[in-house]
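Hi,

Here is the structure I promised to send over. Have a look at it first, and my notes follow underneath.

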Amino acid sequence: MVFREDGHLSDGALAALTQNEDRFDELERLEIAEHLAFCDECLQRYTLALEGGNLLVPERSCQKTLWARIRSRALRLAVSRYATAAAAVTLALTVLWGGGGVQISRPALPEDRPSISRQLTGLTGEISDSLRQTVSGLSDFFDGFRPSQFIEGGNHS
């Protein structure tokens, strides 16, 4: 008998569940699972019955792989943060150095002002030139770290 007269799981059914006995048919297993999902009292009794049982031991520990993944992720986060900061600094320096400096002048009268499209075209041209100069400078800088055989184009075997 799986259930007692009051509707809760019998002690025999709980004992069979904790000892992994295969004495229930499919319908009884479904009824037991549904009852345990909704009855806190039987779930508490089942948990207490499992408490004294043996715990399963995994075949291999995941501790080493887990720590390696944590270290790898921390390194990626740090590199990502520093790369973002370096890009922001590079962009700020490009705008400051390549922008020709800050000029203060009187406000132009409406008839003296160039159109918005001309202003945007000029601004994008200045930014493009500044970025081109910065990339060229970085390229020249990193060329100093290249081995001489690659610069000369020769193959010294």
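Let's start with the helix pair: α2 and α3 sit roughly perpendicular to each other, because their axes cross at roughly 105° and angles from 65 to 115 degrees count that way. Those two axes come within 6 Å. On the α2 side, the contact is made by His35, Leu36 and Phe38, while α3 brings Asp40, Cys42, Leu43 and Tyr46. Sorted by class, that makes five nonpolar residues, one polar and one charged. Keep in mind that this is a predicted model.

Next, the core. The largest nonpolar core has 12 residues: Val2, Leu9, Ala13, Leu14, Ala16, Leu17, Phe24, Ile32, Leu36, Cys39, Cys42 and Tyr46. Each of α1 (11–18), α2 (26–38) and α3 (40–51) supplies at least two of them, and α1 gives the most, with four residues. Ile32 is a good one to click on: leaving aside residues up to four places away in sequence, Ile32 touches Val2, Phe3, Leu9, Leu17 and Phe24.

Now the cysteines, since you'll probably spot them. How many disulfides does the structure hold? Zero. The closest cysteine sulfur to that of Cys42 is in Cys39, 3.6 Å away, and that is too far for a bond, because a disulfide needs the two sulfur atoms within 2.5 Å. Cys42 is also buried, with a relative accessible area of 0%, and both Cys39 and Cys42 belong to the nonpolar core above.

Cheers

Note on methods
Residues are numbered from 1 along each chain as its sequence is written. This is a predicted model: local features need pLDDT of at least 70, side-chain atom pairs count only at pLDDT 80 or more; totals for chains, interfaces and linings use all residues. Side-chain values use heavy atoms; hydrogens and water are left out. A nonpolar core is a set of buried Ala, Val, Leu, Ile, Met, Phe, Trp, Tyr and Cys residues joined through side-chain atoms within 4.5 Å. Buried means under 20% relative accessible area, exposed over 50%, partly exposed in between (1.4 Å probe, protein chains only). Contact means heavy atoms within 4.5 Å. Axes are lines fitted to C-alpha atoms, for helices over the stretch in contact, and angles run from 0 to 180 degrees between N-to-C directions. Angles under 35 degrees count as roughly parallel, over 145 as roughly antiparallel, 65 to 115 as roughly perpendicular and the rest as oblique. Ala, Val, Leu, Ile, Met, Phe, Trp, Tyr, Cys and Pro count as nonpolar, Asp, Glu, Lys and Arg as charged, and the others, Gly among them, as polar.
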